[in-house]
Every structure is written in C-alpha cells, then in structure tokens.
Amino acid sequence: MSGWRDALRRDVEDPATVGRGRLPARADTEWTDAARWTVELDGRWPFHWSPRRDQVPEGFEAPEFDDGGWGTVAVPGVWELQGYGTPYYLGFGFPPSLGVRGRRLGTIDPADSPTGAHRTWFQVPPQWSGRRVVLRFGGVKAAMHVWVNGVPVGYSEGSMTPAEFDVSGLVRPGANLLAVLVHRYCTGSFLEGQDMWSLSGITRGVTVTAEPAYAPWDLAVEADRDPAGGDGTLALTVTGGTGRCRVLLTDRGTGATAELGTADLDGAQTLLRYAVAGTAPWSAEAPHLYDLTVELVRAGEVWRATRAVGFRRVEIAGTEIRVNGRPVIFHGVNRHDFHPRRIWDVPSAVRRQDFTLMKRANVNAVRMSHYPNPTEVYRLCDELGLYVVDEAEIESHGVRRRGLPGADPRWHASVADRIERMVRRSRSHPSVVMWSLGNEAGDGTAFDLARRTVLALDQTRPVHYEGDTDLRNSDVLSMMYPTPDDERVLGERRDLRITLVQRALNVIAADHKSFRADQYADRPILACEYAHAMENSLGNLAEHVENFHRYPNWAGGFIWDWVDQTIDVDLPDGRVRRAYGGDFGDRPSDRYFCANGLVAADREPHPALAEVARVYQHVVFEHGDGGLRLRSRYAFDDLSGFVLRWRADRHGEPLLRGEVPDVRTCPGGQLLVALPELPGDATTLTASLVHRGATAWAEAGFEQAWAQFRLGDPAPAPLPLVAAAEDAGGWELSRAGHLITLSRGPRSITLDTAAARITALRLGGRELLTEPLRLNLWRAETDNDRGWANFKPVLAPLIPARRWRRAMDRVRGRRARVRRDGADHEVVVRLAVPGARGRLSVATRGGELLLGLELVPRRAPVRVGWLGTFAPELTDVDWYGRGPHENHRDRSTGARLGRWSAPVSQLPHGYARPQENGNRTDLDWLLLHGGGLAVGFGRVEGEPFEASVRPYPQELLAAAEHADELPVAGPPTVSLDIAQRGVGGDQPGELALREYARLPAGRRYRLTMALHWQESA
C-alpha cells in the first residue's frame, strides 16, 4: 500500500483520531451580507466510487487529475440511492463490515470499505483577499479527507455536526478545486448505530464563506431570568474579534430596542454581562423572543450579527424539572431528521411542517434522536415553542455490552469531541433545555468524561443519559419503554426490580434496569422512549400520560417516534413504494422497524397522531355540577387565547350548541362554565377549545382540545334505512338440503347450514354478496402481533394467533334447528370451531332480519365476528360510532362518537408493511351504499360493535409486503366484529396488551344485528 493510502487508513482506523485541521465548533451566526460573501457548492459533482479503500484513485485530489471518465452524484445526497453500494437498515446492529465480536471488535473489514471520491470547482472573487475563508460541510457520513487545490486541508468524523476548515491560505482568485474523499465506515461508525439507515455521502450542504478577518469566531449567549422578579441577565461570550463592539437587544413583541453596552475586543475571548430589567419569559407555551445584535466596528467597517434570544431559567428542584420556576411535564416525541428521498437533507418546508404538526397535536417537547440537528431545527423550536433535549451523536447499541465506548480510552476522544461540538453549536438556543450524553451506548468512564465536557461549557441545563446505571452522570432517572405498572412503582417511590425474563432479554438486546428507591428519590423521572408507535400501534397512550400527571416525580416522556424512515422508490408503473429494510438486497436487515412514526415519511399523519393530540392536550374537561369544568395543565398559559364551543347531539344530529368567549383561568387552575339545560333526548355533549386568533402554527378556529360525554338513553342509534313499500308481507322459508333461504318481497338471504355462512343476499335479480359472510377469527398481523417473529422471521409459524386463521378454514355447522313462532322464523346453527364453541342464527322479527353470533373461545381470540365481500357498486360507507379515523379499543381516546361518511377507498390506512387497518369502534350501525343499493347493519342486542371496510380481501392484506401491492378500488370487504383485541405498543414489536385491550378466553361473545338491504336513492 502506498504511503498516501496508508495515511488515509490510519485516520479511519484509529479511534483516537477524530479530526485534523478542523476549526473549533461554534454556533451558526446570521451576519449582515453573509449571502453576498458565500458560495454554495451544492449540485452535481464528479464522483468515483470504490468498494475498497485501497482502490481509491491516487492523486485524484490534484487539479490536473482527469476526472472525465467519472460519473456524477448530487451533493448533498447519499451514494447508495444514486447507484453506489447497498443501503442497510439496522435497528441495533451494524453492517457486516464493522467487527462486533472478538478480535474484530471495533475494526473495519478492508475488503468492504467503500469510499467516494468527490471533486468540484468553485470561483473565488478577487475581493475575498485578506478575509477569513471558511469551508463548511453541513454533514458528511461517516468520515472525510479534504483537499483544496491539491493541498491537504484536514480530516473529520462525526456525521451529524458541521465541520469547518480555514482555507484562507489555500484559495486563490478564480477557479479552485475542492476534492473530498468520503469513507463509508470509520471507527467513529461504532458510535453511530442510531436505529436508522446506514448510508454514506456528503449529506448536507457545502459552502465557502469569506468572513471579515476581524469578525468574532463565535458568539455564545446565556439568557437567564429570575422567575420571582422577572429581571434577566444576558451573558455574551465573544470568541475572537477585534474592534469596538456594541450590543443591542430588540424585543420582538414590542419592537423596542435597547443598547446594552459597548466593549473593545482584542482577539481573545471576551465575556460581556448585562442586566436586563423586566424581561418577558420564553417557554414552549409562550415563546417570547428578543433579537440580540452585535455590531463590531473596525477601521470604518461594520460587521453586524443578529440572533434570537429567549430569557428563561431551567432547573431541577427536588423531583421537578422547572422552567421559569414552574414545573413542566414533557408531552414529547423523538424525531429523526429524515426525508424519504433526500434523507438527511430535509427541506426547510418539511422541517417547519414537522414542528407545526407537533404543536397542533399538543406536543411540547422533542428529543433529537439520536444526534444534533441542523441549526434551522433549533431556530424553529425557538420560534414555535418546543422544549428540546439535544442529544450527542453517541450510540453503540450493537457493541455497548462489549465495552465500547465504556472504559476503553481509545474511544474517549471521540466521545468528548461529539459532546463538545453539540454543546458549542446549540447552547445559545432557548429551546434547548437539557443535554443528553447519547443513547443506548452502555455505561463507563466514557460518560464521566462526557458529563465533565458538558459542564465545562454549560452549567445552565440538566444532563440526561438513559444508560447511566447508578445515576452518577444523569440528573434524571431516564427509562426506556416503561409499562404503566413500572411508572406506578417509580411514582410511588418503590424499588424497581427486573424479572428473570427481562434479565434474559437483556442478554439478547434489551436494556432493562433495576433501581432502588433511594437511588432516584431526589430526581425527576423521564421516559426518554415510550409508547412504541410502529405502524398500527400506540395502544394505551392515555394510561401513560395520566401517570405522568398523577405522580409529582414524573416529568413526562418522548414517544418513539415522529416520522417513518421509509425511502421512496419509484415503480415502473409510476407509483411510489415506501421501501424499508431488506428492499435493497441488504442482509442483515431489521426490515420495517424503521416505520415507527406518528406520521409517514411524506408527513401524512397516521391515525395514531389523533390519539396523541387528544391525550397530550393541556386541558382536561369534566361534565357535572351544571356545566363543564376545565382543568388546565398549562404551566404558563391562562387560556385567554381560546374560545369554548359546545354542542349537544342526538346520535350525531345537533340539537343545541353554544359558545363561551372568555374561559380565562390561571395556569394550572380550573374553571367551571355553566351550561343551559340540555335537551332531554341528547346522547352526547362535545366541548372544544378553539383558537381565538391565528398563531404561528394554527389558524383561528383551530381546535386545540376537546372532550365528549355520553348523555341520557344508552339505546343504540337507529339504522337510517326506511323499509321499502315492496317489503310488505311476511317472510317465507324454503329449504334445499343444507341451504335455507328466507324471502320477503324482492329480498332473500341464503344460509348454508353445513358451512355455517351466508352464501347469498339478493335484491330482485341482483346478488349483493361476492364472497360469503362467514365467521372471522383472525386479522392480518400487525407488527406487534408478530412479537419475536419481528426479530426472527423463522419464528413466524409459531405465532399463537395463526391457529385462529387455520381454525377459520375448518368452521362447520354441526346441527341446524329451524323454529317458527307465528309469522317469524329462526334458524340456529351450532358451530364446530377448533378452539371454541358457539352458534349463529338468522331470524325474522316482523319486517326485520336479525343476524346473531355467539362464541365462547377456549383460548384468547384475536377477533370474533363476521367477514364478507359485497357488490362493487357499494362504494360508500356511513356509520355511527367512533371516527372519523381508524381506531381500536386501546387507541380510541382520540376518536369521537358521531355520524361519519367516507368512500370505501378512504377507509383503510396504508401502513408501509400492510397489516390490520381501518377499524372503527363503538358502532351502533354501519351502512354501505352506492349504485342505487344499500346494505345496513344495526346493533340490536349486545355491546357496540367494531368494523372495517376495505376494497380488498383480508387474505390479500395479510399476504402483501408493501402498501402499493394493494388495490385502491374494488368490492368492499367488510369485517363486522363483536370485538377485536387492541394493538398494544408499550414495548417495541410486542403486543403487551393491557387487560382491557385483551379478549379473554372463556368469555361469551354475543351480538345481534339487524340486517337491511334495499334499493336507495
């Protein structure tokens, strides 16, 4: 190997080498005329990919090198999506090149060490002479060597924080060559196992900027506020710079500007400290900002920079996290900075969309999982109002149990470097209220160093680290995926012990910890990840959030996670596939575990987001005492920006409504709002808090909080079908072998007593069933249903619920009994069902036809109900029950009772990996209609039922691997369920149902429905 290549190898393979030639990290500064002095280098760059490091074309960095035969790639961009190499999605492992065991631990396979050689030319104007020229990379994964005009500039690791280099002495007026060699893997990659795609390239923008040589290098701001008196203190640390400095502060709310003071800068570090009387506080609820302007005058030239400042104090008092002296509860989410096509180069509009959606869904906090984000993200959080837990790019999930970084000093320089770059870059943002030392990286002296590194730079924020086993480095007790039972144990300040099963799981991949009560008695508790939202999941969220508010030592939690990390792939027919792990030929892969979001990769909300919005809302409603009681969970907001609207309905039809314009109450207080006497026949009362005026993230009238209460008569809502005139007369029964037909006028229904299914439903000469209506005992498995088969697909045949799928094919009618009572008929069929006993019935009652089902399973069922496919003309659905979006028995808090309508094509929800979807709960009736036909089901006896309607059969749904494999139109397949079990989500990839979400064995499941079918307008 040549000396040139050997030098590259040493940098990449030495854990202690984290950078060379890099400038110190700093906060991004907006200075006047910066755009005029900046050249953006984004675009198509000549590119050469080598599968091995020793195949890099030597000398490619030289200006005279001929790259005419090279291809090109987009910068920013990742190579693997441009045809170079294989994407890997691994949730807690590493690509095969990275050694994770024995002597290979911490090493890179030289036979699998891809590199990308990039070249681009840029122009330097003559007037740049004498200025400080800074080359900036927004993000490069995973390491890079840099040359300008053939001269080495430096080396950098740390993929998610910017790297800057001073190239003042290397550039010249006119054309200049930038050459960058990007390494897919380096030893730093072992600290970047962050449950995301393993991809490579220059992933964020590249710029060259000519700054005045006398300008400061960094401006760091601390803006403290005394919660009692309201006065603020602004400390400004200026690194570098020479000349006369003037500091001004402008209140964005009032527009008033005050000069804080002046000082002379001498090129070293200067600390300026100012008292600011009567500051308006910054919080997530009221993100009041000031503009801090620094003007520097030297030799008649003026350099001016402005940045947003928010005055606030963050502290831990006992077991509370306080902002401005008041305890706050984090209603949080974890967020990856991800786009389905541009990956980590996320468009500004999409980032703003993310945080706007969060605010509208009552999210008040975001954890940067698991790496610092671009400055734009923090500015949005400052502006819109979100508490930020900023997290260092340190996760060694797959090797943490092998002591990496742990107590291995070889990796400690990288740990300290990543921490320092995060803090220096983000410490001036008011939204950042806590530092996180990383995620799932084990414990050890590396994190003693990490904490010391934080505190050397900033002591105004608490420190978080979930991996802290004895709480010596974390100011909070941080939990991964606590159950509600765990939350109660900790809330009641008892010892938390782990079970033998949890100990066994720890050996494989989990990280369950035990804590004594005295260990965490004096600190807050956070769930840094909880409520795993993988596709059709997020059951039981409300119980978690109630625990956060019930126990004073709980400070909230962060749902995993915000956005699906699926990659858009264009198909030959013009459709788009949401691709997940394994779709690119990558092995090994954790497949669809990248689809954990509350929103899809294109930011289409999943149904679970409505549950978050309802459960996270900061006002609790109670009905009683002659009105509505509003209990505020806001720490600062007095509700003056809201209007209360209420409506009394009868089965979805409005009877009386009203509005209360003033619901002002003190933060954390309560208010009783009197209501007039409600109509005696009302069945629901719905209350809403809507915005009085527009905000930065919601329009006037946007509903921020709501509640609904049942009233009066619990009788079912009537099915809205009126019997047709031709239905006059009685029902007639005829029998042909095991087929029994009941007829009345143009309507007839046929029951196959041997197969125990409805085989025909006719209206005149038209057949309304395209597939029989039969017993349904299974569902297309959700990710949580699969359990351990998510991790080990070979275990899929052992999934217990699959026994019910097999049982469905063996359902038979054991004995049929026909009874007549006057003009009415009843046919009862005893069922032969593996694992259950039961019966079904078809009966007439006057003009009605009733379907009855009763089942007693000997093992816990998945669902109990009917399944059938109807005529394709029935293209629309109305229903009375919970809606309008998909909901389940453990995820229905965010759905309200009402009368809803939707086309069949819009009722399913397209998860990346197809699975059970489109369910609606608490139904009194369901009506299919279209093409002049109507078929309706109305509850007569039993609890409200559940239903889903999809334009494809259940078997096709279960067989599909991607949403694009399912049709968007087709005959409606209807599942009518007495009950369907919940979706779970307390634990990643596990059902983990709470008691109320289970369907117990031995219970008698019963439902009688009226079936109507007729012509309609």
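**Exercise 1. In which order do the 3 strands of the open sheet with antiparallel pairing lie?**

Before you start, keep in mind that you are looking at a predicted model.

*Step 1.* Find the strands. The open sheet runs in the order β18-β19-β22, and its pairing is antiparallel.

*Step 2.* Look for the edges. β18 and β22 (269-276) are the edge strands, since each of them pairs on one side only.

*Step 3.* Check how the strands are turned. On average, neighbouring strands of this sheet make an angle of 15° with each other, if you ignore direction.

*Step 4.* Zoom in on one pair. Strand β19 (residues 232-239) is joined to β22 by 8 bridges, and the two run antiparallel. To see one of these partnerships, pick Thr237: its bridge partner in β22 is Leu271.

A bit of background helps here: strands of a sheet pair through backbone hydrogen bonds, either parallel or antiparallel.

**Exercise 2. Work out which strands are joined to β11, and describe the hairpin that β11 forms with β10.**

*Step 1.* Start with β11 itself. This strand covers residues 151-157 and is mostly covered, with 5 of its 7 residues buried.

*Step 2.* Take β1 (residues 19-20). It runs antiparallel to β11, and 2 bridges hold the pair together. Gly19 has Ser156 in β11 as its bridge partner.

*Step 3.* Now take β10 (residues 143-148). Here 6 bridges link the strand to β11, again in an antiparallel arrangement. On this side, Trp147 stands opposite Pro152 in β11.

*Step 4.* Follow the chain round the turn. The hairpin of β10 and β11 has 2 residues between the strands, and Asn149 takes a positive phi near 55° there.

**Exercise 3. Is Thr203 buried or exposed, and what is it in contact with?**

*Step 1.* Locate the residue. Thr203 sits in the loop between β16 (201-202) and β17.

*Step 2.* Compare its accessibility with the cut-off. Buried means under 20% relative accessible area. Thr203 has a value of 3%, so it is buried.

*Step 3.* List its contacts, skipping neighbours within four places in sequence. You get Pro76, Gly77, Val78, Gly139, Val140, Lys141, Trp344 and Asp345.

**Exercise 4. Put Pro988 in its accessibility class and find a residue that is distant in sequence but 5.5 Å away in space.**

*Step 1.* Find Pro988 in the loop between β63 (973-980) and β64 (1005-1015).

*Step 2.* Use the cut-offs again: between 20% and 50% a residue is partly exposed. Pro988 comes out at 21% relative accessibility, so it counts as partly exposed.

*Step 3.* Look at His532. It is 456 residues from Pro988 in sequence, yet the C-alpha atoms of the two are 5.5 Å apart.

*Step 4.* Add the contacts. Leaving out residues up to four places away in sequence, Pro988 touches Tyr481, His532, Phe593 and Phe791.

**Exercise 5. Describe the largest cavity and the second largest cavity, with their linings.**

The idea behind the search is simple: rolling a probe the size of a water molecule over the atoms shows where empty space is left.

*Step 1.* Count. The whole structure has 4 cavities of 30 Å³ or more.

*Step 2.* Take the largest cavity, with a volume of about 190 Å³. It is lined by 18 residues, and Pro95, Lys141, Ser189, Glu192 and Ser198 are the closest to its centre. β15 provides the largest share of this lining, 3 residues. Sorted by class, the lining holds 9 nonpolar, 5 polar and 4 charged residues.

*Step 3.* Move to the second largest cavity, which has a volume of about 60 Å³. Among the residues that line it are Val877, Trp879 and Arg920. β62 gives the most to this lining, with 3 residues. By class there are 6 nonpolar, 2 polar and 1 charged residues.

**Exercise 6. Which residues lie nearest the centre of the second largest pocket, and which strand gives the most to its lining?**

*Step 1.* Note the volume, about 1,100 Å³.

*Step 2.* Look at the lining. It has 44 residues, and Asp28, Arg136, Thr207, Thr375 and Arg379 lie nearest the centre.

*Step 3.* Match the lining to elements. Those that supply at least two residues include β8 (132-137), α2 (348-360) and α3 (375-384). β17 gives the most, with 4 residues.

*Step 4.* Sort by class: 18 of the lining residues are nonpolar, 9 polar and 17 charged.

Terms used. Residues are numbered from 1 along each chain as its sequence is written. This is a predicted model: local features need pLDDT of at least 70, side-chain atom pairs count only at pLDDT 80 or more; totals for chains, interfaces and linings use all residues. Side-chain values use heavy atoms; hydrogens and water are left out. On a 1 Å grid over the protein atoms alone, a cavity is a set of points where a 1.4 Å probe fits but cannot get out, and a pocket is an open set with protein on both sides within 12 Å along at least five of seven lines; lining residues have an atom within 4 Å of a point. Grid points are joined across faces, edges and corners, and a volume is the space filled by probe spheres set on the points. Ala, Val, Leu, Ile, Met, Phe, Trp, Tyr, Cys and Pro count as nonpolar, Asp, Glu, Lys and Arg as charged, and the others, Gly among them, as polar. Buried means under 20% relative accessible area, exposed over 50%, partly exposed in between (1.4 Å probe, protein chains only). Contact means heavy atoms within 4.5 Å. Two strands pair if DSSP finds at least two bridges between them. Axes are lines fitted to C-alpha atoms, for helices over the stretch in contact, and angles run from 0 to 180 degrees between N-to-C directions.
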